[in-house]
Structures are given as C-alpha cells and as structure tokens.
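Dear colleague,

I am passing on the structure we spoke about, which you will find just below. Please read the notes after it alongside the coordinates.

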Amino acid sequence: MTKARAGTAASPVRGWPGVGTQLAGRLAKLDIHGPQDLLLHLPLRYEDETRCVPIDALRGGEPMQVEGEVTDCEVRLRGRRQLVAQIRDDSGALTVRLLNFYPQQQKQLEPGKRVRVFGEARGGMFGFEMIHPRIRSVAPGEALPTALTPVYPTTAGLAQTAIRRLIERSVHAVPMEDFLPEAIRARLGLMPLSEAVPLLHQPPPDVDGAALEDRSHPAWQRLKFEELLVQQLSLRKAHAARRARTAPVLAGDGRLVAALLDDLPFALTGAQARASAQIDADLAQPHPMQRLLQGDVGSGKTIVAALAMLRAVESGWQAALMAPTEILAEQHYLKLDQWLAPLGISVEWIAGSLTKKQRAAACARLETGESVLAVGTHALIEDPVTLPRLGLAVVDEQHRFGVRQRLALRDKGEGVSPHMLMMSATPIPRTLAMSYYADLDVSVLDELPPGRTPIVTKLVSDARREEVMARVRDACREGRQTYWVCPLVEESEALELQTAIDTHAYLSEALEGLGVGLVHGRMKADEKRDTMAAFAAGELDVLVATTVIEVGVDVPNASLMVIEHAERFGLAQLHQLRGRVGRGKVDSVCILMFGEALSPTARARLKVIYEHTDGFEIAREDLRIRGPGEFVGARQSGVPLLRYADLETDGALIDAARDLAVELLAHQRPVAERIMTRWLAGREGLLRA
Ligand code: ADP
Ligand code: MG
C-alpha cells in the first residue's frame with residue numbers, strides 16, 4: 001500500500017546530514033521520507049539492556065545480557081561455515097555462534113576485545129551458547145544504558161543500529177511540534193506529542209515497561225489517537241470530495257423496474273425492498289452514491305443490483321456490473337439476461353475469453369450506446385471498453401478487487417462520476433466499519449428469501465472417506481446432486497490442478513454408473529460453461545470442483561457438498577462454499593473432511609463453521625481468531641493503514657478520534673490540515689477511493 005511519493009527526488013531526505021541516496025532509498029521503503037517521518041517510526045518493542053548478569057547465572061528461556069572479553073574466535077568450515085567465539089567473564093565462559101557473519105563482526109570478536117552480548121542462551125555441549133546474539137563493542141568500565149533499548153521495524157540493508165542511531169539523532173535535533181491545541185489535549189487527557197514521541201524512542205529509566213510493551217502507556221495512547229484522528233480526517237475529506245463531484249441523476253419513471261418486478265417468479269423480501277429503496281434515493285441525487293450492499297450468501301443481492309441497473313437505463317444512462325471471476329460474472333450475466341431480455345434489453349458480456357472480434361463488436365455497441373448494460377470480469381476496466389454514459393457501476397465481492405480496479409471502473413464514465421454499488425457477503429465488524437469503511441453507506445440484507453432449507457454440517461476425518469462415498473452414492477440414487485470440492489494446495493497451482501484431476505479420476509471410478517464432471521480454474525471458459533450447464537440440467541450427478549464454485553453458482557437440486565481438507569480453507573470461503581447447497585426443497589448436508597494432525601487454530605476454525613450458519617456470527621469469530629489485519633489487507637483500501645492503533649483494543653479511541661475529526665473540520669480546519677500533512681504528505685491520491 002506504500003506508494004512512492006511524488007517528487008521524491010526533491011524530497012527533504014537528501015537534505016539530511018549523513019543520509020545519502022542509498023540510505024534514503026532504504027528509508028523510503030519504510031515510508032520514511034523526512035525527519036518527521038523518522039520520528040513517527042516508532043519501536044516495535046523494547047529490550048532491556050540496562051542489566052548484565054554473570055555468565056554463570058545465565059538461564060535459558062529469556063533474553064539476557066552478559067559482558068566479557070573475547071578469548072577465542074575462529075571461522076569453522078565443518079558443516080556450515082560459521083563464526084564461533086568464546087567470551088569470558090569472572091564467572092565463566094559463553095560460546096557465541098554466528099551462522100551468517102560479516103567481516104565487521106569478525107573484527108568485533110577479535111580476541112582481547114570487550115563486548116556485551118544480548119540474546120537467549122541455551123545449553124550446548126560445552127556450557128551455554130548463544131546463536132546470533134546482538135553484539136555491542138564496549139570500552140572497559142563503560143556504563144550500562146539507563147533506558148530500555150528500542151527495536152524498530154527495518155528493512156533489508158538497513159541495520160537496526162543504523163536506524164536506531166538516525167532516530168536517536170532526530171529525536172534531539174527535530175522538534176515534534178504538537179498541532180493539537182492545548183485546550184483539546186487537556187479535555188481529552190492527551191499527553192503532548194512533544195513528550196510522547198521522545199518517550200517512546202528513549203524511555204526514561206523509571207518508565208512502566210509493561211505499559212510500554214502492551215502499548216497502554218499514555219505516550220502510546222497519544223500516538224494511536226493521532227493516527228486514528230488522521231484516518232478519520234482523511235475519510236471525512238474523501239467523503240466531502242465525493243459530495244462535491246457530479247453524478248447523473250438517475251430518477252427514471254419506474255416503468256422498467258415495475259415491469260421486471262411484475263415478471264419475477266418471486267416477491268422481494270422486506271430486506272430487499274428496503275435496500276432497493278435506499279439505493280433509489282441515492283441514485284436520485286446529483287452526487288455519486290457509494291453504497292455497500294451487504295448480505296449473507298443467498299440473500300438475493302443480484303436482483304437488487306438488477307433493479308438499480310434498470311433505474312440507470314430508465315434514466316437514459318448505462319450500467320456495468322463487475323465480478324471477480326469469470327464463473328461468477330457469467331452467472332450474473334445469465335441471470336440478468338434471463339430477467340431483462342423479455343423487457344427488450346440486451347446485456348453485453350465482457351470477459352477475457354471473448355475473441356478479439358466478439359469483444360470489438362460488444363465494445364462498439366457499448367460505445368455508441370446501442371447497448372446499455374455490460375457484465376463482466378476485470379476485462380471491463382481494460383481497453384478498449386468504453387462506457388460513455390456510465391451512470392452506475394456495480395462491483396460484486398468488492399473486497400476481492402483492489403482500490404485501483406474500482407477506481408478504474410468508476411473512471412470509465414466520461415465527464416461525470418457514476419454511482420457505485422458494492423456488494424459483499426462478508427460482513428464488516430463494527431470497528432472496521434467505523435474506520436476503514438466509514439465512508440461507505442451500508443444496506444444490509446438481513447433476511448433470506450423464503451424456502452431455504454437448513455444445512456446440516458458434519459465434520460468427518462479423512463480416514464472415513466468410504467462412509468462419505470456411500471453417502472454420495474445414496475444421495476445420487478435418490479436423484480440428488482453433489483458438489484465435491486477439492487483440496488486447496490496453497491503452495492502450487494499446478495499441484496492443485498493435478499489434485500483436482502486425480503480426484504475426478506478416482507471418483508469417476510469409485511462411483512461407477514454416476515455422471516461425474518470436473519471444473520477447475522484452468523479450463524477454457526466454454527468447457528467450464530458446458531460442464532456447469534450439464535450439472536445445472538441434472539445430466540451430471542457429481543461435480544468435482546476447485547474453488548471456482550466458491551461464489552454464485554445456483555443449482556437447487558444439489559443438496560450434498562463434500563469439502564476435502566476443509567482445514568485449509570478460510571472461514572469466509574467455507575461459508576460461501578457451503579451456501580451453494582440448501583437452495584432446494586430437501587434437507588442439505590455439508591461434509592467437511594479434515595486431514596490428520598489438525599493444529600489448535602485449525603480445530604477452532606472448523607468448530608466455528610460447524611456451530612454457526614450465520615455469516616455475521618462466523619465473521620465475528622473469524623475476527624477473534626485471526627485479528628482484523630486480514631480483513632483490511634484484503635480490501636487494499638486507500639484509507640491509510642493503521643500502524644499503531646489496534647482495532648480490537650482501541651475501539652474507544654476510534655470513537656473519540658471520530659468526534660474530534662468532525663469538530664476540527666468544522667471549526668479548526670488549519671489544525672486538521674497540518675496534522676494530516678505531517679502523517680500523509682503526498683499520499684492523498686489514494687484516498688479518493
Ligand atoms: P447472493 O446474495 O448470494 O448473491 P443471489 O442473488 O445469487 O444471492 O440469490 C440467490 C438465489 O435466490 C437466486 O436463485 C435468486 O434468484 C433467488 N432469490 C433472490 N431473491 C429472492 C426472493 N425474494 N425470493 C425467492 N428467491 C429469491
Ligand atoms: Mg452473489
């Protein structure tokens with residue numbers, strides 16, 4: 001998410017005494033572009049080097065420091081090349097072993113030199129030894145540091161000692177002015193920045209080490225608050241910028257919408273009707289909508305999107321729907337086509353698998369406005385697709401796209417900003433909703449369409465594969481169909497493909513007499529389509545698949561799903577997969593098979609999916625097990641990532657930061673600007689998402 005800042009060549013980095021081009025480049029990798037950034041580069045943790053123990057008092061299990069004289073040092077070539085030194089004090093001797101070493105370390109460990117080594121000791125064959133301890137040369141009688149030693153995040157080619165020295169120098173030389181007025185600081189009980197920053201870099205001897213370590217110390221609170229404040233300010237600025245843009249007013253006469261509703265074989269659920277009304281109200285505004293439609297798997301988001309797209313058409317504009325995979329995009333395409341063809345509206349299909357000629361023809365129709373709707377994968381945002389009258393862009397499974405891709409779709413419109421509707425089956429936990437997602441309006445489909453049947457989930461060990469096969473045979477004999485999901489092989493796509501092919505061969509033989517089909521990500525689009533169609537038509541009994549069926553497939557007669565090595569999948573993914581069954585009239589079963597040696601985390605995750613069927617519940621548990629980092633990572637948000645604040649523990653700070661952001665923007669704008677500039681200088685480009 002780190003973007004090189006514009007004009008780095010002229011950036012103040014070059015002006016730092018002692019910072020050359022190479023060092024500047026490495027600092028830039030850490031997003032440090034000037035002295036102020038250095039000061040905001042805070043320690044990961046601290047080490048206590050204020051004490052030394054005698055060598056014979058070393059114990060394993062925790063890092064300790066000893067001081068002594070090097071008595072011996074040699075490069076050993078037996079086995080792996082390594083540097084082995086002996087260090088001695090009055091009480092005993094310690095072996096120090098370096099498996100990778102630089103000439104400079106060899107010099108540091110020349111016999112007769114005095115060093116302090118800090119590390120975890122363990123009992124070796126000849127007394128205690130430390131592998132790769134931190135080594136510091138000292139003069140005889142040199143005083144121990146009185147403060148904890150900060151340990152900073154660093155990057156290749158930038159030694160811990162080098163960055164520490166740079167920061168140490170800056171703490172003294174660069175004033176960290178507090179832009180927050182004192183009255184506000186006092187009211188919120190915030191430590192001044194000019195105190196907090198030096199304290200975090202150079203904790204005084206009497207500091208509460210535990211509070212520093214767990215970041216509950218007032219100095220940490222201050223920095224976390226400032227960071228959250230910057231995030232809230234950026235969000236609000238992005239919001240204001242969006243309100244300032246012009247979007248087409250999509251307040252059609254409702255004729256097409258009414259016609260579609262009339263034709264549908266079902267009535268909208270209350271939740272769908274509500275969401276649709278919220279979207280309509282946004283579309284009638286002259287500035288772009290930015291709304292998330294959130295609903296569990298199977299809650300019926302597609303029809304809500306279709307209705308919004310029709311609004312655009314009624315109002316004389318175009319609409320586009322983008323989905324992350326070709327299978328999912330195609331399901332949307334087929335569904336929309338089925339709904340809209342009777343109304344005389346044709347939908348263009350845009351995907352990587354189109355021939356050049358097909359694509360050119362589709363593009364031409366969209367460019368002239370002959371076609372008003374497009375559905376596709378990310379091929380939609382590539383050249384030569386143009387949508388000159390794009391009034392509404394819909395993005396399904398929005399978290400699977402990066403911020404740039406969503407922006408690219410938005411920018412397909414000419415002159416105006418289209419309205420954006422994002423869809424997701426993954427609910428956003430509250431703290432995330434308040435921070436990274438605060439600029440989105442949200443509609444929730446909290447009701448499933450009627451007629452869904454509950455799904456029974458079973459956990460079965462790999463060893464009981466035969467029983468599972470018997471179940472599959474039974475289900476198929478009763479005229480029902482089965483999905484068989486192949487194991488994920490993270491480390492190799494080729495291996496994953498091979499596993500799918502092997503599984504298909506194995507099942508075809510073991511389930512003699514039944515029709516067994518295979519779909520995987522490497523198949524040609526039309527082969528995939530034919531197989532899916534055959535399964536949907538009931539010509540195949542079993543569909544062996546990789547996770548390409550994860551989203552969107554809709555075959556009501558399929559009531560059994562087997563997932564192999566379920567422990568390798570993410571919880572959201574398992575939930576999505578499981579949502580493919582339970583769509584028909586008969587009771588559905590999802591069998592999660594698991595391999596032998598399950599880790600405690602894997603066990604905990606399978607328990608969650610076993611016990612819960614509600615997507616919100618699952619997401620909450622997922623967050624608890626994994627922490628929020630991964631949610632955010634997946635979003636690739638343009639909102640500045642939080643380095644210090646923790647969404648799980650700092651909820652109260654988020655509330656306070658949000659209130660203060662509102663207050664500053666209303667009454668003390670220059671303060672807000674200065675704070676943002678210090679933290680974000682040059683990075684605003686990405687915040688427009
Ligand atoms: P998702 O929210 O997971 O994208 P879909 O839009 O694919 O869900 O809808 C799942 C299935 O439910 C589809 O077959 C769809 O046609 C059907 N459906 C949607 N809304 C209703 C409704 N109100 N009543 C009955 N079936 C519905
Ligand atoms: Mg969907």
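The notes below cover the ligand site and then one helix.

This is a predicted model, in which local features need pLDDT of at least 70 and side-chain atom pairs count only at pLDDT 80 or more, while totals for chains, interfaces and linings use all residues. Residues are numbered from 1 along each chain as its sequence is written, ligands are numbered from 1 and chains lettered from A in the order in which they are written, and side-chain values use heavy atoms, with hydrogens and water left out.

Ligand 1 is surrounded by 17 residues (a heavy atom within 4 Å of it), and the closest are Ala267, Gly298, Thr302, Arg452 and Asp554. A nitrogen atom of ligand 1 lies 2.8 Å from a backbone N or O atom of Ala267, and an oxygen atom of the ligand is 3.0 Å from a polar side-chain atom of Lys335. Of the 570 Å² that ligand 1 exposes when taken alone, the protein buries 85% (Shrake-Rupley method, 1.4 Å probe).

Helix H18 (a DSSP run of H or I, at least four residues, numbered from the N terminus) comprises 12 residues, 525-536. Its buried residues (under 20% relative accessible area, 1.4 Å probe, protein chains only) are Ala525, Lys528, Thr531, Met532, Ala534 and Phe535. An α-helix has 3.6 residues a turn, so residues three or four places apart point the same way. Those buried residues of H18 pack against partners including helix H12 (326-340) and strand S21 (558-563) (heavy atoms within 4.5 Å; strands are DSSP runs of E, at least two residues). Just after H18, Gly538 takes a positive phi of about 85 degrees.

With best regards

Definitions and conventions. A polar contact is a pair of N or O atoms within 3.5 Å; within protein, one must be able to donate a hydrogen and the other to accept it, and residues adjacent in sequence count only if both atoms are side-chain atoms. The expected span of a helix is 1.5 Å times one less than its number of residues. Buried means under 20% relative accessible area, exposed over 50%, partly exposed in between (1.4 Å probe, protein chains only).
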